[in-house]
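User: Hey, can you walk me through this one? I'm new to reading structures.
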Protein chains: 2
Amino acid sequence: METSHLIWKEGESRQLFRSKVFSIRETESRSPRGESRLFTVMDAPDWVIVVPLLETEKGPCFVMVRQWRHGSRELSLEFPGGVMEKGESAEEGAKREFEEETAYRAAKLRTLGDMSPNPAIMSNRVHFYAAENLTPLRSQNLDEDEFVDVERIPVGDVIGGMGKPPFIHALTAAALALYMGRTAVS
Amino acid sequence: METSHLIWKEGESRQLFRSKVFSIRETESRSPRGESRLFTVMDAPDWVIVVPLLETEKGPCFVMVRQWRHGSRELSLEFPGGVMEKGESAEEGAKREFEEETAYRAAKLRTLGDMSPNPAIMSNRVHFYAAENLTPLRSQNLDEDEFVDVERIPVGDVIGGMGKPPFIHALTAAALALYMGRTAVS
């Protein structure tokens with residue numbers, strides 16, 4: 001496919017802001033017509049999200065976490081996940097975040113895909129995995145400022161509830177789309 | 001459900017950075033155990049995303065847009081959408097962005113839900129709609145720095161392709177999850 005009429009030439013960047021969780025830079029780019037424009041971009045470490053499926057006495061459930069979110073100032077019921085640490089692979093990060101938050105371990109993670117959380121303004125990626133054949137661990141392993149409830153929610157309730165509170169995290173919905181696209185979900 | 005052990009008390013904020021598309025603030029919050037912590041939050045206008053379905057000679061298709069994204073520095077094939085303008089409702093913004101980018105008009109938009117693009121670090125919402133019964137307009141109505149191809153992609157190709165290039169936009173995947181949850185999709 002001919003796409004040269006859509007391609008911008010990315011140029012120089014300069015950092016404008018830096019915090020512990022992300023930084024902001026301004027970047028110059030030249031349009032397909034050759035005009036220069038400035039864009040603001042957020043840099044952050046990559047993120048991981050895990051879709052954990054558990055067979056229970058009430059049928060197939062997703063293992064989800066309920067926690068306060070400081071951006072939207074509300075409780076969110078979402079798939080476990082977090083920020084990758086330096087030196088770990090996406091799969092290692094996913095496995096670690098999943099175990100720490102839920103106190104379950106998966107024999108193996110299955111990749112569901114990689115996406116940009118928001119390619120318009122963010123440069124990092126989010127890596128999605130499915131976790132099956134879960135075994136319980138003794139307890140969660142949370143940071144001292146993490147307060148996270150673990151809940152087992154029937155798959156149909158998650159699919160039908162997405163987009164209404166407490167299912168308000170768009171990256172959890174994105175993970176669900178990948179899971180549904182790769183798996184026969186009833 | 002008893003959730004008081006999860007609830008933080010949000011306190012004062014101060015702005016740290018401001019650009020045309022978003023601003024950054026630091027906000028203090030008191031944990032369920034009463035300890036004070038600082039968090040960094042991005043404020044931005046709300047966004048809208050439209051899932052447009054079109055019956056074609058090759059079966060049901062989504063109307064999608066292919067464009068360069070300056071955060072991830074790549075082409076993205078995604079549902080139309082954008083930033084709400086001051087004074088317009090979410091549905092008006094969705095209708096406007098859909099018409100400007102795709103040159104289609106929908107008799108009516110159907111709401112699919114509202115979510116937070118990332119409730120951990122963002123305070124705004126993204127509003128999702130489905131568009132059906134489309135009629136073609138004469139032409140796109142793009143800003144002079146927008147370069148957008150309109151493509152009709154079979155529904156199954158979008159569901160199966162999500163999470164691999166060019167389907168790299170997580171908010172497009174989130175929209176698909178809401179659409180699949182509200183609609184029987186084959």
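User: Where does A:A103 sit, and what phi does it take?
Analyst: A:A103 comes just after α1(A) and takes a positive phi of about 60 degrees. Helices here are DSSP runs of H or I with at least four residues, strands are E runs of at least two, and both are numbered from the N terminus. This is a predicted model: local features need pLDDT of at least 70, side-chain atom pairs count only at pLDDT 80 or more, and totals for chains, interfaces and linings use all residues. Residues are numbered from 1 along each chain as its sequence is written, while chains are lettered from A and ligands numbered from 1 in the order in which they are written.

User: Okay, and which residues of α1(A) are buried?
Analyst: A:G93, A:A94, A:K95, A:E97, A:F98, A:E101 and A:T102. Buried means 20 or more other C-beta atoms, placed from the backbone, lie within 10 Å of the residue's own.

User: What do they pack against?
Analyst: Strands of chain A, including β4 (47-56), β5 (59-69) and β8 (104-115).

User: Switching topic: how many residues does each chain bring to the contact?
Analyst: Chain A brings 63 residues and chain B brings 63 residues. Two residues are in contact if their C-beta atoms, placed from the backbone, lie within 7 Å.

User: Which element of chain A gives the most?
Analyst: Helix α3 (residues 170-182), with nine residues on the side that touches chain B.

User: Why do you say the copies meet through the same surface?
Analyst: Because 100% of the interface residues of chain A are also interface residues in chain B.

Terms used. A residue is buried if 20 or more other C-beta atoms lie within 10 Å of its own, exposed if 12 or fewer, and partly exposed in between; C-beta atoms are placed from the backbone.
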